[in-house]
Amino acid sequence: MSFLDQDERLIELAAKIQLVYSPIMDVKVFPPNVDVTLVEGAVANEEQLEMIKQVRERTKILVSLGDCAVTGNVTGLRNTVSSSVESTLKRAFVETVDVNGKVPDEVPRLLKQAIPLHEVVKVDCYVPGCPPSADLINYVLTELLAGRMPNMENRSKYG
Amino acid sequence: MDRIDVSPVTRIEGHAKVSIFLKKDGTVKEARFQVTDFRGFEKFCEGRPFYEMPSITSRTCGICPVSHLLASAKACDDIVAVNIPRSADLLRRLMHMGQIIQSHALSFFHLSSPDLLLGMDADPSVRNVFGLIEKYPEFAKKGIKLRKFGQEIIEYLAGKRIHSSDWLVPGGVKTPLSKDKSEKILASLPEALGITLETLSMFKGKLDGLKDEIEDFGNFPTYYLGLVTPEGGLEHYDGKIRIVDSKGKIVADNLDPKKYYEYIGEAVEPWSYMKFPFYKPLGYPNGVYRVGPLSRLNIVSRCGTPLADKELKDFRKFGKGGVVQSTFLYHYARLVEVLFCLEKTKEILEDSEAYVDNVWAKASVNRSEGVGVAEAPRGTLIHHYKVNREGLITWVNMIIATENNNLAYNMAVTQVAKKYVTKKRLNEGLLNRVEAVVRAFDPCLSCATHAVGEMALDVLLYDSEGILIDRLTR
């Protein structure tokens, strides 16, 4: 959403990039030979673990975008609960339910902990923030388009 | 049983797939809208001080964080047992108007209009907002501007567009609205109003060519639920719950939202992380109701602002007995609501009490339980907390706008699948239409499962023995 907060700058951006895979478009398979991928969110279930590995293989520069991707943040709050997978699922699907209270089992399994991207794959650039501001995202994209690695010194801020 | 999967579903908020199950004769038995992410807010918030809850729970979502902030702050108001000052009430409402405008603009322009303007069967690589910028730059610019208008209201009030979580506090808001910020909003209001009226008239002009979509996209009778004002007008922040049936008859009115558990139950299915709320008097799974823009326009006696009321009359021509039941017309309802929110924005900014300095009634824990209910862009949102004497959270339940529509989602994808699945095979046309009906609801799955994830849908086709016979990915 903060990406879309670039507002009118999106129009300039559209002329300079080719968007090949995104939640805001309909291509379903992550394509090979991607120059830059911005990944948001922590890795929390088995499906996401597979996905991030595939994204890494097919991407030259992988950007970890936002506090959930960089630190686990709110997604990682469940890590502080003992036997977090069982107890969080039980609360949501058994204890607060009137009918058929049972943990869903025909869905991707949760990982023991929700973890930041760099625990699973190599990350080339970290952009923290909850969310990172539109200005910061625009700076990172502008630098990458110019062929430079963004300098995050004094630009990096959590929360 | 045969089965087809669409995976992932795109241009929606969150991660989902659709599975379609066939009978022996190859016709569709049922389709399931499956949500595959989960975070666990209801558990991990235990032990946190209650006043942190707006900040933590607003992270449920990047599109409607303000609705979570409001529902959470209201639950906290309940815990500290104060009535907030009217000034704070007005400013919270103003922030919410900004939120609904930007969220509806996003849904209509950025996510759904590519289908309407580029066509349902356009090349998937261009059928998105960037394709729109290329082909219809002026139209795309309008969408960007309208969304920006809403986001700026939030930024002017709270200092930040997304997760501006330290401004809303139990007992009110932290700082008043300055006159110069108010003037800035008022200065850009006419342009936002112009864009909305123009878009409404464009959309209405297209409806004749969209008869199939109106007819087949989640067009079925359900109940409708939401908040209304004491006069039965359109309400997004407070008020009482009204429920109408498929014929538009009020079946329950003036229900206390704090006692939601008396009339809303929650059920679980093993194949989705999204729960299935139902209307208790009808039981599960018969107690299907819908929430959100379409539902709100179905339950109200009037909107309560002149331009929106005029549009409501036109809108209701698409229904019977005042009830419009095609899910496709959520798009239409969303535009009418944007108009209403713009009129309300002006009304609030012209109220001298919006500029009063006293905006925060400070108090500590006075009750062991609190419930906050608001109408998020996507429908009724409920936060329910229990605390100990020190104000540490001991128990949380949240029912999210999108969850309320879960039973209806499954009916809608089944209806579309029945119409478009032929000869046990998937085709692009089916995939696009399954996604388009899901998109018409404007789901927010991060919210619904209290989970984060990339926005995506997956279609899988299973035969009568449960064997996967086709899967559609692009």
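Of the 159 residues in chain A, 40% are buried. Keep in mind as you look around that this is a predicted model. Along the principal axes, the C-alpha atoms of chain A occupy a box of roughly 55 × 35 × 30 Å. Five helices and five strands make up its secondary structure, and following the sequence you meet them in the order α-β-β-α-β-α-α-β-β-α. Contacts between distant parts of the sequence matter for this picture: among the contacts in chain A with a separation of 6 or more, 73% join residues 24 or more positions apart.

A good place to stop in chain A is helix α4, residues 84-95. Its buried residues are A:Ser84, A:Thr88, A:Leu89, A:Arg91, A:Ala92 and A:Phe93. Because these residues cover an arc of only 160° around the axis, they sit on the same side of α4(A). What do the buried residues of α4(A) pack against? Their partner is α1 (41-44) of chain B, so let us turn to the interface next.

Here, 47 residues of chain A are in contact with 53 residues of chain B. On the chain A side, α1 (9-16) and α4 each supply at least two of the residues that touch chain B. The largest share comes from α4(A), with five residues. Sorted by class, this side of chain A has 25 nonpolar, ten polar and twelve charged residues.

Now move into chain B, where two helix pairs are worth a look. In one of them, helix α4 (residues 86-118) and helix α6 (residues 137-158) of chain B have axes that come within 8 Å and cross at roughly 160°. With that angle over 145 degrees, α4(B) is therefore roughly antiparallel to α6(B). The crossing of α4(B) past α6(B) is left-handed. By class, the contact of α4(B) with α6(B) has 16 nonpolar, eight polar and one charged residues.

The other pair is formed by helix α13 (residues 406-420) and helix α14 (residues 428-441) of chain B, which pack at an angle of about 155° with their axes 10 Å apart. This angle makes α13(B) roughly antiparallel to α14(B). Here α13(B) passes α14(B) in a right-handed crossing. From α13(B), the residues taking part are B:Tyr409, B:Ala412, B:Val413, B:Val416, B:Ala417 and B:Tyr420. They meet B:Gly429, B:Leu430, B:Arg433, B:Val434, B:Val437, B:Val438 and B:Phe441 in α14(B). The contact of α13(B) with α14(B) has eleven nonpolar, one polar and one charged residues.

These helices bring us to one last stop, B:Gly218. You will find B:Gly218 in the loop between α8 (211-216) and β6 (223-228) of chain B. Is this loop residue buried or exposed? B:Gly218 counts as buried, because it has 27 C-beta neighbours inside 10 Å, and 20 or more are enough for that. Leaving aside neighbours within four places in sequence, B:Gly218 is in contact with B:Ser326, B:Thr327, B:Ala408, B:Met411, B:Ala412, B:Gln415, B:Val437 and B:Ala440. Two of those names should look familiar: B:Ala412 in α13(B) and B:Val437 in α14(B) also take part in the meeting of those helices. B:Tyr409 of α13(B) comes up once more as well: 191 residues along the chain from B:Gly218, its C-alpha atom is separated from that of B:Gly218 by 7.8 Å.

Terms used
Residues numbered from 1 in each chain as written. Chains lettered and ligands numbered in written order. Predicted model: local features only at pLDDT ≥ 70, side-chain atom pairs only at ≥ 80, totals over all residues. Helix = DSSP H or I, 4+ residues; strand = E, 2+ residues; numbered from the N terminus. Buried ≥ 20, exposed ≤ 12 C-beta atoms within 10 Å, placed from the backbone. Contact = placed C-beta atoms within 7 Å. Arc of directions from axis to C-beta. Nonpolar A, V, L, I, M, F, W, Y, C, P; charged D, E, K, R; others polar. Axes fitted to C-alpha atoms, helices over the stretch in contact; angles between N-to-C directions. Parallel < 35°, antiparallel > 145°, perpendicular 65-115°, else oblique. Left-handed = near helix turned anticlockwise from the far one by under 90°.
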